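Hello,

Please find the structure below, with its sequence. My notes on it follow.

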Amino acid sequence: IISGLLIMAGFLFYKYKNTLVSHEISGQVKAISANSITVAGTIRYQDKTKYADKTIEFIITPQTVFQKTALIIPKKYQNVKGISEQFTPATKDYPGTISDLMVGTRIILLQSTDNLFNVAKATAGQIQYQAFENEK
């Protein structure tokens, strides 16, 4: 009886594990090469109830779309060391490029057609990231 329960539990675990699907990650750039970026972050499964931390290398292709969300820093804060008051920066969206990215860049959302749950390397489809920009 116990061995039968263990076999059933193993089967259910294997089946459940293989049904988890995620095509999105949010996090931070950890490494950059000529044709890939490595992102450490959180993947959210399609059922939107489960999360997991993961580090994945993403291959950049000519089809990869970059979207930059700039946080605009007001002039009065641009040369200040340590801001003592809170403010909410304005944002502006632009088309982006891989050359904008650096280690530490915040990835708002990276989408892939690959199931990120069970890969260490995937192809990047769309990358939305955050950058700071001074008010002009």
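**Salt bridges**

Searching the whole structure turns up two salt bridges. Please keep in mind that this is a predicted model.

One salt bridge joins the side chains of Glu24 and Arg44, at 3.8 Å from N to O. It ties distant parts of the chain together: Glu24 sits in strand β1 (residues 24-32) and Arg44 in strand β2 (residues 36-44), 20 residues apart. Glu24 is partly exposed, at a relative accessible area of 25%. Arg44 is partly exposed too, with 33%.

Glu57 and Lys121 form a salt bridge as well, with their closest N and O atoms 3.8 Å apart. Again the pair links distant parts of the chain. Glu57 belongs to strand β3 (residues 51-59), Lys121 belongs to strand β7 (residues 121-123), and 64 residues separate them. Glu57 counts as partly exposed, with 25% relative accessibility.

As a general point, side chains of opposite charge can pair when their charged atoms come close.

**A buried lysine**

Which side chain of opposite charge is nearest to Lys68? It is Asp100, 4.2 Å away. Lys68 is buried yet has no salt bridge. The cut-off explains this: a salt bridge needs a side-chain nitrogen of Lys or Arg within 4 Å of a carboxyl oxygen of Asp or Glu.

Lys68 lies in strand β4 (residues 65-73). Leaving aside residues up to four places away in sequence, Lys68 touches Lys92, Asp93, Tyr94, Pro95, Gly96, Asp100, Tyr129, Ala131 and Glu133.

**Fold and sheet**

The chain holds one helix and eight strands. Along the sequence the pattern reads α-β-β-β-β-β-β-β-β.

In what order do the eight strands of the open sheet lie? The order is β5-β4-β8-β6-β1-β2-β3-β7, and the pairing is mixed. At the edges are β5 (90-95) and β7, each pairing on one side only. On average, neighbouring strands of this sheet are turned by 35° against each other, direction ignored.

Look at β1 and β2 in particular. These strands run antiparallel and are joined by seven bridges. Within this pairing, Ile25 has Ile43 of β2 as its bridge partner. The salt bridge between Glu24 and Arg44 also links β1 to β2.

**Nonpolar core**

The largest nonpolar core has 19 residues. Which of its residues touch the most other members? They are Ile25, Ile37, Phe58, Leu110 and Ile127. Two or more residues of this core come from each of β1, β2, β3, β6 (106-111) and β8 (126-134). The largest share, three residues, is given by β2.

Phe58 is worth selecting in the viewer. Not counting residues up to four places away in sequence, the contacts of Phe58 include Ile25, Ile37 and Leu110. Val39, Leu116, Ala122 and Ala124 are also among the residues that Phe58 touches. So are Asn35, Ser36, Ser112 and Thr123.

**Whole chain**

How much of the chain counts as buried? The figure is 29% of the 136 residues. Among contacts with a separation of 6 or more, 62% are between residues 24 or more positions apart.

Best wishes

Technical notes: Residues are numbered from 1 along each chain as its sequence is written. This is a predicted model: local features need pLDDT of at least 70, side-chain atom pairs count only at pLDDT 80 or more; totals for chains, interfaces and linings use all residues. Side-chain values use heavy atoms; hydrogens and water are left out. Helices (H or I, at least four residues) and strands (E, at least two) are DSSP runs, numbered from the N terminus. Buried means under 20% relative accessible area, exposed over 50%, partly exposed in between (1.4 Å probe, protein chains only). A nonpolar core is a set of buried Ala, Val, Leu, Ile, Met, Phe, Trp, Tyr and Cys residues joined through side-chain atoms within 4.5 Å. Contact means heavy atoms within 4.5 Å. Two strands pair if DSSP finds at least two bridges between them. Axes are lines fitted to C-alpha atoms, for helices over the stretch in contact, and angles run from 0 to 180 degrees between N-to-C directions. Lys and Arg count as positive and Asp and Glu as negative; His and the chain ends are not counted.
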